[in-house]
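Me: Got a minute to go through this model with me? I'd like to start with the cores and then get to the sheets and the rings.

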Amino acid sequence: MIAWQRAQQAKIPAWLIGRGSNLLIADEGLPGIVLMTTALRAIQWGEYRVQVEAGYSLARLAQEAGERGWSGLEFARGIPGSVGGAVIMNAGAYGGEMAPLIRNVTALRADGTLKKFERSELEFAYRSCSLRGQAWVLETQLEFSAGDREQILNIMKENLSRRTTYQPLEKPNAGSVFRNPPGDSAGRLIEAAGWKGKSIGGAQVSTKHANFIVNTGNAKAKDVLALMEDIQRDVQVKFGVTLQTEVAYL
Ligand SMILES: Cc1cc2nc3c(=O)[nH]c(=O)nc-3n(C[C@H](O)[C@H](O)[C@H](O)COP(=O)(O)OP(=O)(O)OC[C@H]3O[C@@H](n4cnc5c(N)ncnc54)[C@H](O)[C@@H]3O)c2cc1C
């Protein structure tokens, strides 16, 4: 927070990121400073509630909640980001998402003031939260429900194994490139348009899952962007669907 305030005073641009798992960064780099939330890792466990800082690992939180028999984050076990990133992105998978767990969010606003936003003051939609670009999430309180420990851990295990089977976890990538359009899947459309396995430079549409672009070794951000633009154009022409990007480009 102090670093951000100093940057503001000195009129140096400051970029806030979590674990960088959903980001494509320009080849030229970013002007100013980049602040990561990884040092914000405090956590307090209550009765089916947890107060957790933005830099805490979402996957770790999911596992720890599951070990306690707390239900709610089963979907999150294989999502590689931070809690703050997950709140801002309303991260989700397998029918679950962050929004139903969130009781409140403490965030730093652009004018430098802190505010605790109650759930009723926040709007969430598919992979979006009304705080995105407006404020920096510092901590959040999440509420779980009572569940069966073994069942929760089994669901997580199954979800993890689905990810290993269907996602190219062995190669660097930034997760799903495009949002799923209503009632359809971006991966299905991209595959049907014939893009699976195609490359520009070191960026390749994964042969495992067409909505992932992997770095085969020397990809530049410009390669990934060029591939994304070509896919968007082609899917629009072939299916009349405008794919919206999910990956954040900085
Ligand atoms: C292999 C793989 C699988 C994935 N699977 C899923 C999935 O199933 N479901 C899903 O939803 N996502 C998935 N993702 C994407 C990503 O993990 C999530 O979006 C995650 O929530 C991003 O968290 P992060 O901390 O890495 O955010 P970052 O990538 O660092 O940032 C993402 C955006 O959030 C902003 N941001 C980050 N932290 C904060 C904060 N504290 N306050 C304000 N803004 C902030 C950044 O400025 C940026 O705009 C996957 C990614 C990978 C690589």
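**Cores, sheets and rings**

Reply: The largest nonpolar core has 37 residues, and Leu-73, Met-98, Leu-131 and Leu-142 are those with the most contacts inside it. A nonpolar core here is a set of buried Ala, Val, Leu, Ile, Met, Phe, Trp, Tyr and Cys residues joined through side-chain atoms within 4.5 Å. Buried means under 20% relative accessible area, exposed means over 50%, and partly exposed is in between (1.4 Å probe, protein chains only).

Me: Which helix gives the most to this core?

Reply: That's H3, with five residues. E5, H2, H3 (83-89), E9, E13 and H4 (149-166) each supply at least two. Helices (H or I, at least four residues) and strands (E, at least two) are DSSP runs, numbered from the N terminus.

Me: Before I go on, what should I know about the model and the numbering?

Reply: It's a predicted model: local features need pLDDT of at least 70, side-chain atom pairs count only at pLDDT 80 or more, and totals for chains, interfaces and linings use all residues. Residues are numbered from 1 along each chain as its sequence is written, and side-chain values use heavy atoms, with hydrogens and water left out.

Me: OK. What does Leu-131 touch?

Reply: Leaving out residues up to four places away in sequence, Leu-131 touches Ile-88, Val-105, Ala-107, Phe-117, Leu-122 and Val-137. Contact means heavy atoms within 4.5 Å. There's also a second, separate core of 22 residues, which includes Ala-186, Trp-195, Ala-203 and Leu-243.

Me: On to sheets. What's the order in the one with five strands?

Reply: E4-E5-E13-E9-E10, an open sheet with antiparallel pairing. Two strands pair if DSSP finds at least two bridges between them. E4 (43-45) and E10 (114-118) are the edge strands, each pairing on one side only.

Me: How many bridges between E9 and E10?

Reply: Five, with E9 covering residues 102-109. Leu-108 stands opposite Leu-114 in E10.

Me: Which strands does H2 touch?

Reply: H2 (residues 58-67) packs on that sheet and touches E4, E5 (49-53) and E13 (135-143). The direction of H2 makes about 15 degrees with that of E4. Axes are lines fitted to C-alpha atoms, for helices over the stretch in contact, and angles run from 0 to 180 degrees between N-to-C directions.

Me: And the sheet of three strands, what's its order?

Reply: E15-E16-E17, open and antiparallel. E15 (199-200) and E17 (213-215) are at the edges with a single partner strand each, so one side of each has no neighbour in the sheet. H6 (residues 221-239) lies across E15, E16 and E17, at about 35 degrees to E16.

Me: Now rings. How are Trp-4 and Trp-136 arranged?

Reply: Their ring centres are 5.2 Å apart and the planes are at 65 degrees, so the pair is edge-to-face. Rings of Phe, Tyr and Trp (its six-membered ring) pair if their centres lie within 6.5 Å; planes under 30 degrees apart count as stacked, over 60 as edge-to-face and the rest as tilted. Trp-4 is in H1 (residues 2-9) and Trp-136 in E13, 132 residues apart. Both are buried.

Me: Is Trp-70 buried or exposed?

Reply: Buried, with a relative accessible area of 7%. Trp-70 forms one aromatic cluster with Trp-45, Tyr-48 and Phe-144. The charged end of Arg-68 sits over the ring of Trp-70, 5.9 Å from its centre. The rule for that is NZ of Lys or CZ of Arg within 6 Å of the ring centre and within 35 degrees of the ring normal.
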